[in-house]
Structures are given as structure tokens and as C-alpha cells.
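Welcome! Let us take a friendly tour of the charged side chains in this structure and see who pairs with whom.

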Amino acid sequence: MSRRSERPGGEARAADADAPVCLVTGATGYIGGRLVPELLTAGHRVRCLARTPERLRDYPWAGRAEVVKGDVMDEESLLRACRGVDVAYYLVHALGTGPGFEARDRQAARNFARAAREAGLRRIVYLGGLTPTDVPEAELSAHLRSRAEVGQILLDSGVPTAVLRAAVIIGSGSASFEMLRYLTERLPVMVTPSWVSTKIQPIAVRDVLRYLVGCARLPAGVSRGFDIGGPDVMTYREMMERYAAVAELPKRYILPVPMLSPRLSGHWIGLVTPVPAAIARPLAESLRHEVVCDEHDIARYLPDPPGTPIGFDEALSLALRRVREAQVTTRWSSASYPGAPSDPLPTDPHWAGGSLYTDCRELSVGASPEALWRVIEGIGGDNGWYSFPLAWALRGWLDRLVGGVGLRRGRRDAASLRVGDSLDFWRVEEIEAGHLLRLRAEMRLPGLAWLEMYADKDAVGATRYRQRALFHPRGLLGHAYWWSVWPFHALVFGGMARNIARAAESAEHAGSAGAGVPSMAPEADAARTPGG
């Protein structure tokens with residue numbers, strides 16, 4: 001099998017003054033974060049819309065794209081973002097935000113359609129879901145029904161629109177790939193819902209990106225939907241069996257059980273995989289419908305190069321290679337988790353007149369600041385949290401049980417972080433290389449929480465490690481929560497500070513500080529925690 005890249009781009013072409021200006025919404029998400037560099041490689045000028053522009057700061061392409069602050073629920077910000085734009089990519093949805101997500105999707109699409117029309121855009125491109133033509137709309141899953149409705153709203157906008165309809169997208173870090181990967185790898189014997197026998201036409205993320213980029217140059221008169229899929233049609237059971245073969249796993253035994261409802265299977269997926277139930281459930285509900293392409297008309301306008309679309313087995317191989325080589329550029333968790341707090345750390349300790357609890361730790365470290373920083377930046381995921389693993393694991397399970405993200409999202413990269421990265425049940429809010437890592441909690445809490453880690457020097461040049469946990473309670477429950485867990489802080493946060501210092505010292509003294517993230521200290525509370 002030939003070695004392909006998951007990305008379709010070739011040599012980058014410099015954008016000229018006549019190149020289309022492309023607006024990308026959802027640039028912090030899985031597809032948006034991969035689409036931006038492909039558009040730049042194709043010679044387009046790119047503007048990204050983000051609620052928190054700072055989250056795009058550390059992306060490799062950030063210096064070549066314009067970033068504007070805005071929200072699809074804010075019509076004024078949308079209109080400002082759309083001015084001067086030729087082509088807009090609509091890549092946002094409210095999947096997993098709970099009851100009422102269809103209404104939020106509908107309102108956001110209407111806002112965007114109006115802004116695009118008023119700004120005089122010449123094209124909208126939307127990536128939606130593949131829906132069966134023989135199933136009445138009322139019988140579709142809420143997820144597929146909402147995707148179809150959004151596509152129709154954009155088609156009715158008066159702006160020429162290309163709606164690309166895809167089923168399961170296979171690529172390193174995609175929610176669909178992670179579901180497939182973890183179910184197959186972790187369960188040699190599976191009791192599965194009946195939807196594992198439903199036919200699906202998956203598509204490689206490489207082909208999705210190729211079609212998205214090509215849509216920027218569609219003829220002006222083209223305004224319609226297109227089914228996009230790979231060359232293989234199979235059941236989800238066959239997808240798991242083929243994953244096992246490509247990943248060289250032993251034979252998997254799959255036992256379908258008709259009474260396992262999509263709702264129950266969503267919770268089951270949430271327990272077995274890193275994908276939380278709030279996202280897994282609507283995805284599972286959609287899999288009960290047969291999603292196979294009815295046409296391939298997109299090829300009339302964007303001919304498929306030789307060897308494309310990519311087959312399922314090769315798409316798996318590409319994705320697995322990216323995972324094993326730690327080259328996953330974006331993940332399903334790149335976008336903020338629905339309902340997660342997004343407020344930045346307050347600079348005023350009496351923020352909004354409320355309380356701000358803190359737990360501060362500071363230690364001298366017998367290692368260089370560089371060695372200490374490598375440990376700090378490598379925290380989480382398979383590297384663990386350097387203290388009482390049972391407590392971290394238990395907190396992760398409790399979070400999953402109440403619909404949170406839990407501790408299994410892991411890391412995008414084993415050694416490096418960037419602003420906006422998900423990190424188990426945290427998200428990177430700020431990073432100052434060599435000095436500060438600030439994480440914002442995304443677990444379910446009665447308040448807002450942050451964790452800061454610093455690599456510093458004192459007045460005489462000795463290395464100091466500083467650690468600060470902050471919690472802004474919400475109501476009486478928030479105050480009660482803080483004081484209920486406060487007795488455990490010495491064990492969890494105290495042990496964490498000690499073991500981070502010891503890990504840096506061990507690596508420095510062993511002469512291996514430059515070889516990656518060091519092992520944890522050998523004491524009992526420094527054992528490795530289960531990774532993501």
C-alpha cells in the first residue's frame with residue numbers, strides 16, 4: 001500500500017490579490033482546524049471566526065490567517081466577519097448541547113444566512129450529514145434532522161450554496177474514528193445494539209477536505225446538495241472487523257442485541273470510549289439509519305484524482321499511523337465541550353463581588369527550569385497527573401456519570417501543548433513557553449476552576465515550582481463543594497507538586513531531561529494514572 005498523507009494539500013501557493021477570501025467558522029473544531037491550512041495551501045486568503053480568538057494563537061498556520069472575534073448567535077459580529085468575504089464555510093453545530101439543540105442550530109443558521117446575503121457573499125459551503133431519502137423527516141434522529149434543516153436554511157438563503165453530505169468521517173482524532181477505535185480495541189467480545197448491521201458509506205477526512213477546498217471554485221450557478229462518500233459500503237460490524245484486521249488485533253466477537261436502544265448504547269459508548277455520552281448518544285441514534293450515497297455528482301465539478309476517494313482500509317491505516325506517530329493535528333475535542341465554562345481566569349480576586357478560593361504550593365527544585373518545564377508541559381494523558389491516581393480516576397468516572405467529559409480525552413500530542421488543546425478534563429487556557437501553563441476545568445462543577453503551574457527562578461537563580469488551584473463557586477453548592485474536597489488537597493495537590501519537582505530532578509540527574517517527559521517518582525501517590 002502506498003504511503004499517503006491524510007491531508008490533500010501539496011506545495012503551498014502564495015495568495016494573490018485576486019484569490020478568494022474564505023471565511024471559516026468552527027476553525028477551532030476538528031474539520032475547521034484542518035481546512036484552514038488546506039485553503040492556504042491552495043492559495044486562498046483565509047479569515048477565521050472564533051468566539052475566543054486566542055485559542056487559535058498557537059496553530060502552525062495562525063500567522064497566515066486573519067482571525068476575527070464573533071459568534072454565530074450574534075448577528076452583528078457575523079455581518080462584520082462576512083464583509084469582504086467571497087466564500088464562507090459553515091462548520092458549526094450544537095451537537096451534544098442538550099435539549100433544544102435543534103432550535104439553536106436553526107437560529108444560528110438563519111443568522112448566518114442573513115449575514116451572508118447582506119454581505120454579498122458569492123458562496124456558502126456547508127458540511128452536513130448524509131440522510132436516507134426513504135425515511136420521513138419526522139423519523140430521522142434529531143442529529144440528522146437538524147443537519148438536514150440547517151442545509152436547507154442555507155440553500156434558501158439566496159446565496160449559492162454547496163451542501164456536502166457525509167456519513168462517518170474516518171481520520172485521526174475524529175469522533176467517529178475514536179468511537180470505532182476504542183470499541184474495537186477495548187472489547188474483544190462485544191454485546192452490541194442492532195444498528196451494527198446498518199449499512200454505512202464512510203469517507204476519509206482527506207477526501208472531505210479535498211471536496212471542501214474545491215467547492216470554493218464551483219460555478220456560480222451551482223447551488224445544491226452533494227452526497228460524498230468513500231468507495232466502500234459496509235455495516236458498522238464490518239467496520240469494526242476491518243479495523244481489527246488493519247490494526248492487527250485478534251478476532252473480535254460481536255453479538256448484536258436488539259433491545260439495546262440508541263440511548264442506552266450512547267451511554268455504553270460514553271463509558272467505553274473517550275467520547276462523552278452527550279455526543280455519543282446522537283451519533284449512535286443516527287447510525288440506526290442506512291446512510292449510503294445516492295449520487296456522486298460532485299465529481300462532475302470536482303473530478304476525483306487517481307486513487308481517490310480513498311478506501312476504508314487505507315483511511316484507517318492513515319489515521320492509525322498519525323495516532324502512533326503523535327501527528328494528530330486536530331481532534332473531536334478541539335472544539336469546546338458543550339456547556340463547558342469559557343470565562344477566562346479573573347484578574348480581580350474579588351471577581352464580580354464573589355469568592356475565589358485558592359490552593360497554593362511552592363517548592364525549590366534541584367533541576368533546571370527547562371527540565372521542570374518539560375515535566376509541566378508533558379502533564380496529563382498517558383503521562384498522568386503526578387499524584388494519587390485513584391482520586392483522579394474516581395473524579396473522572398464521576399464526571400462521566402453526570403454527563404461530563406471525564407479523564408479519557410488525553411492529549412493531542414505527548415510532549416507539546418497549545419492554547420485551546422483539550423487535556424483530559426481540562427483545557428489549555430494560557431501557555432507561556434518555559435514559564436506558565438494555565439488549565440481551565442471542563443468537568444461538571446458547581447463553579448469555575450483553574451490550575452496554574454509555573455517554572456520560575458528565585459532571587460539567587462535557583463529553580464522554583466509554583467502551583468495554584470483556583471475555584472470560583474456558584475451558589476451555596478459551590479462553597480460546599482470546595483470545603484468538602486479541601487481535606488484532600490494536601491494529598492492530591494501537595495503530592496502533585498512534590499512529584500513534579502522530583503520528576504524534573506530525576507530526569508536532570510539521569511541526564512535525560514532532553515529525551516522527553518520523564519517517568520514519575522516511585523512513591524505510592526506518584527503511580528501512573530490511566531491515560532486518555
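## Salt bridges in the model

The count of salt bridges comes to 29. Please keep in mind that this is a predicted model. As a general point, side chains of opposite charge can pair when their charged atoms come close.

## A pair of sequence neighbours

A good place to begin is Arg57 and Asp58, whose side chains meet in a salt bridge with an N to O distance of 3.2 Å. Arg57 is partly exposed, at 39% relative accessible area. Asp58 also counts as partly exposed, and its relative accessibility is 28%.

## A link between two strands

Next come Arg165 and Asp227, which form a salt bridge at 2.8 Å, N to O. Arg165 sits in strand E6 (residues 161-166) and Asp227 in strand E11 (residues 224-227), so this pair ties together parts that are 62 residues apart in sequence.

Are these two partners buried or exposed to some degree? Arg165 is partly exposed, with a relative accessible area of 25%, while Asp227 counts as buried at 6%.

## A buried pair and a network

The side chains of Arg418 and Asp421 form another salt bridge, at 3.6 Å from N to O. Arg418 counts as buried, with 8% relative accessibility. Asp421 is buried too, at 6% relative accessible area.

Which residues are joined into one network by salt bridges that share partners? They are Arg409, Arg427, Glu429, Arg438, Arg440, Glu442, Glu452 and Arg468.

Definitions and conventions: Residues are numbered from 1 along each chain as its sequence is written. This is a predicted model: local features need pLDDT of at least 70, side-chain atom pairs count only at pLDDT 80 or more; totals for chains, interfaces and linings use all residues. Side-chain values use heavy atoms; hydrogens and water are left out. A salt bridge is a side-chain nitrogen of Lys or Arg within 4 Å of a carboxyl oxygen of Asp or Glu. Buried means under 20% relative accessible area, exposed over 50%, partly exposed in between (1.4 Å probe, protein chains only). Helices (H or I, at least four residues) and strands (E, at least two) are DSSP runs, numbered from the N terminus.
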